[in-house]
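Biologist: Could you take me through one part of this protein in detail? I'd like a close look at the largest pocket and the sheets that go with it.

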Amino acid sequence: MAAAVVAAPEGLRECGCKGIRTCLICERQRGGDPPWQHSPQKTHRFIYYSDTGWAVGAEESDFEGWAFPFPGVTLIEDFVTREEEAEMVQLMDREPWKLSQSGRRKQDYGPKVNFRKQKLKTAGFQGLPSFSREVVRRMGLYPILEDFQPVEQCNLDYCPERGSAIDPHLDDTWLWGERLVSLNLLSSTVLSMSREAPGSLLLCLAPSGFPEALVEGVMAPSRSVLCQEVEVAVPLPRRSLLVLTGAARHQWKHAIHRRHVEARRVCATFRELSAEFCPGGRQQELGQELLQISLSFQGKPM
């Protein structure tokens with residue numbers, strides 16, 4: 001792969017942070033002890049295992065060997081080849097990147113949306129980029145994505161020199177539908193998931209032979225942990241495709257911590273329409289228009 005593809009992007013003196021969001025660039029510019037606070041780390045860390053669908057207490061932690069089911073996460077490894085990855089990032093880098101919050105840069109392929117007022121405009125939206133046509137086609141080969149029709153693609157560029165990160169958040173549900181699909185390129189990272197809801201998670205003692213034994217069954221719950229004290233680490237290998245649905249989509253916030261960006265990382269996230277914009281929904285005609293534009297694959301970053 002050409003070195004130019006994975007090299008840290010230029011413009012490291014520029015910052016797009018606003019409000020309480022910060023990156024290494026603005027922190028250095030302001031100097032001194034920053035008055036803002038970074039998100040505190042959760043007390044108890046669990047690791048997600050894609051082969052079992054369970055989250056297991058980290059080694060040398062208070063809950064080592066204890067586990068709970070973590071549904072709604074699907075990970076498809078090696079979704080694209082190294083050659084396809086290099087070509088995609090090279091094509092992305094030919095288009096302008098816009099400065100974004102927390103040391104990120106972004107490219108948006110989608111309608112202009114005001115989520116607070118629940119309004120959108122299609123003006124200027126020309127569709128997803130041409131190089132995503134094959135990516136979307138390949139998604140349809142997997143049962144969980146066989147009817148997935150993305151109406152938006154957001155490319156995010158993370159760089160350790162900028163201290164890139166993204167805070168814990170839930171994606172919108174007015175416009176965006178059930179599945180969030182992200183393609184992780186150039187380097188591996190960790191998606192950190194947390195939940196602010198009250199209550200506790202029931203844990204099971206993982207049987208001998210973990211993790212394979214978890215597929216067959218586990219013992220009855222015999223321990224619990226407060227939801228608000230738990231963080232689930234979902235390892236994202238390079239060139240993997242992540243699908244979030246159900247509780248993982250709607251109840252657990254997701255984040256990328258600064259410490260987990262060790263090299264340049266590019267993430268392409270694809271979103272589908274909510275029921276309101278699908279056939280039978282209140283805005284089905286607008287939804288159909290958005291899909292026709294999106295799947296023309298003639299887009300440029302907005």
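**The sheets and the pocket**

Modeller: Let's start with one of the sheets: 9 strands make an open sheet, in the order β10-β17-β12-β15-β1-β2-β3-β13-β14, and the pairing is mixed. Keep in mind that this is a predicted model. At the edges sit β10 and β14 (223–226), each pairing on one side only. Going from one strand to the next, the twist averages 35°.

Look at the β10 end for a moment. β10 and β17 run antiparallel and are joined by 2 bridges. H169 stands opposite H254 in β17, so to speak a histidine facing a histidine.

Further along the order, β1 brings us to an aromatic pair, one of 9 in the structure. The ring centres of F46 and F63 are 6.0 Å apart and the planes are at 35°, so this pair counts as tilted. F46 belongs to strand β1 (residues 44–49), while F63 is in the loop between β2 (54–57) and β3 (66–69), so the pair ties together parts that are 17 residues apart in sequence.

Now for the other sheet. Here 7 strands form an open sheet, running β4-β16-β11-β18-β9-β6-β5 with antiparallel pairing. Its edge strands are β4 (73–76) and β5 (98–99), each with pairing on one side only. Within this sheet, β11 and β18 run antiparallel, with 7 bridges joining them. One spot to click on is V181, which stands opposite F270 in β18. Helix α3 (residues 82–93) lies across β6, β9, β11 and β18, and runs at about 105° to β11.

With that in place, on to the pocket you asked about. The largest pocket holds about 1,100 Å³ of space. It is lined by 41 residues, and the closest to its centre are C154, L156, I166, D171 and R271. Which elements give two or more residues to this lining? They are β6 (105–109), β7 (112–114), β9 (152–158), β10 (166–169), β11 (176–185), β16 (241–244), β17 (253–256) and β18 (265–273). You'll recognise β10 and β17 from the 9-strand sheet, and β6, β9, β11, β16 and β18 from the 7-strand one. The largest share of the lining, 5 residues, comes from β11.

As for chemistry, the lining of the largest pocket has 20 nonpolar, 9 polar and 12 charged residues. If you want a place to start in the viewer, centre on C154, L156, I166, D171 and R271, the lining residues closest to the pocket's centre.

How values were computed:
Residues are numbered from 1 along each chain as its sequence is written. This is a predicted model: local features need pLDDT of at least 70, side-chain atom pairs count only at pLDDT 80 or more; totals for chains, interfaces and linings use all residues. Side-chain values use heavy atoms; hydrogens and water are left out. On a 1 Å grid over the protein atoms alone, a cavity is a set of points where a 1.4 Å probe fits but cannot get out, and a pocket is an open set with protein on both sides within 12 Å along at least five of seven lines; lining residues have an atom within 4 Å of a point. Grid points are joined across faces, edges and corners, and a volume is the space filled by probe spheres set on the points. Helices (H or I, at least four residues) and strands (E, at least two) are DSSP runs, numbered from the N terminus. Ala, Val, Leu, Ile, Met, Phe, Trp, Tyr, Cys and Pro count as nonpolar, Asp, Glu, Lys and Arg as charged, and the others, Gly among them, as polar. Two strands pair if DSSP finds at least two bridges between them. Contact means heavy atoms within 4.5 Å. Axes are lines fitted to C-alpha atoms, for helices over the stretch in contact, and angles run from 0 to 180 degrees between N-to-C directions. Rings of Phe, Tyr and Trp (its six-membered ring) pair if their centres lie within 6.5 Å; planes under 30 degrees apart count as stacked, over 60 as edge-to-face and the rest as tilted.
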